[in-house]
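Dear colleague,

I am passing on a structure that you have not yet worked with, and my notes on it follow below. Please keep it open beside this message as you read.

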Amino acid sequence: MAIDESAAFKPVHIALLTISDSRKLDDDTSGDILAERIGTAGHHLAAREISRDDKNEIAAHLHRWIDDEQIDAVITTGGTGLTGRDVTPEALDRVKDKDIPGFGELFRWLSYETIGTSTIQSRACAVIARGTYIFALPGSNGAVKDGWDKILAAQLDSRHRPCNFVELMPRLRER
């Protein structure tokens with residue numbers, strides 16, 4: 001598991017959606033962390049918005065970005081918990097073609113090292129929708145750091161070996 005320095009880096013166009021009834025762009029610290037890491041990695045932040053904890057509103061954002069050929073992936077932060085207002089996984093269910101179950105499983109396994117059994121309260125998940133990756137992370141600063149630093153940074157790097165999400169992008173719409 002390493003970066004193949006002889007391979008070309010291919011930047012990914014990523015949209016970032018923070019899901020919260022209380023945050024605004026000027027106090028969205030988790031979104032700020034992800035935006036900074038996306039840029040530092042050499043990717044393009046294609047869009048950044050905030051959505052209320054509402055399945056219809058979240059799905060509308062996702063449909064718009066899924067249909068935008070300039071966006072390869074979407075990362076959401078927030079709304080993956082267990083409370084009545086946490087509806088991000090349900091919104092993803094409305095747009096998805098396929099689940100990526102290993103993403104949530106790996107996220108919780110890695111998160112266990114940091115927060116112990118509290119990780120069981122996370123419904124972090126990932127899907128593919130009409131050829132676009134969507135990764136749903138919890139809203140805490142620690143969770144977005146874990147999700148990016150320990151999973152997405154490598155899987156969204158076209159040079160990561162033995163395989164990565166980027167090399168699959170041209171084939172995601174195959175039938």
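To begin with the packing of one helix, α5 lies across β2, β4 and β7, and runs at about 135 degrees to β7. Here helices (H or I, at least four residues) and strands (E, at least two) are DSSP runs numbered from the N terminus, and axes are lines fitted to C-alpha atoms, for helices over the stretch in contact (heavy atoms within 4.5 Å), with angles running from 0 to 180 degrees between N-to-C directions.

Please note that this is a predicted model, in which local features need pLDDT of at least 70 and side-chain atom pairs count only at pLDDT 80 or more, while totals for chains, interfaces and linings use all residues. Residues are numbered from 1 along each chain as its sequence is written, and side-chain values use heavy atoms, with hydrogens and water left out.

The strands form an open sheet of six, in the order β3-β2-β4-β7-β6-β5 and with mixed pairing, where two strands pair if DSSP finds at least two bridges between them. At its edges are β3 (44-51) and β5 (98-99), each pairing on one side only. The pairing of β2 with β3 is parallel, over seven bridges, and I19 has S51 in β3 as its bridge partner.

The largest nonpolar core (buried Ala, Val, Leu, Ile, Met, Phe, Trp, Tyr and Cys residues joined through side-chain atoms within 4.5 Å; buried means under 20% relative accessible area, with a 1.4 Å probe and protein chains only) has 29 residues, and I75, Y133 and F135 have the most contacts inside it. The largest share of this core, five residues, is supplied by α5. Leaving aside residues up to four places away in sequence, I75 touches F135, W148 and L152, among others.

With best regards

Definitions and conventions:
Buried means under 20% relative accessible area, exposed over 50%, partly exposed in between (1.4 Å probe, protein chains only).
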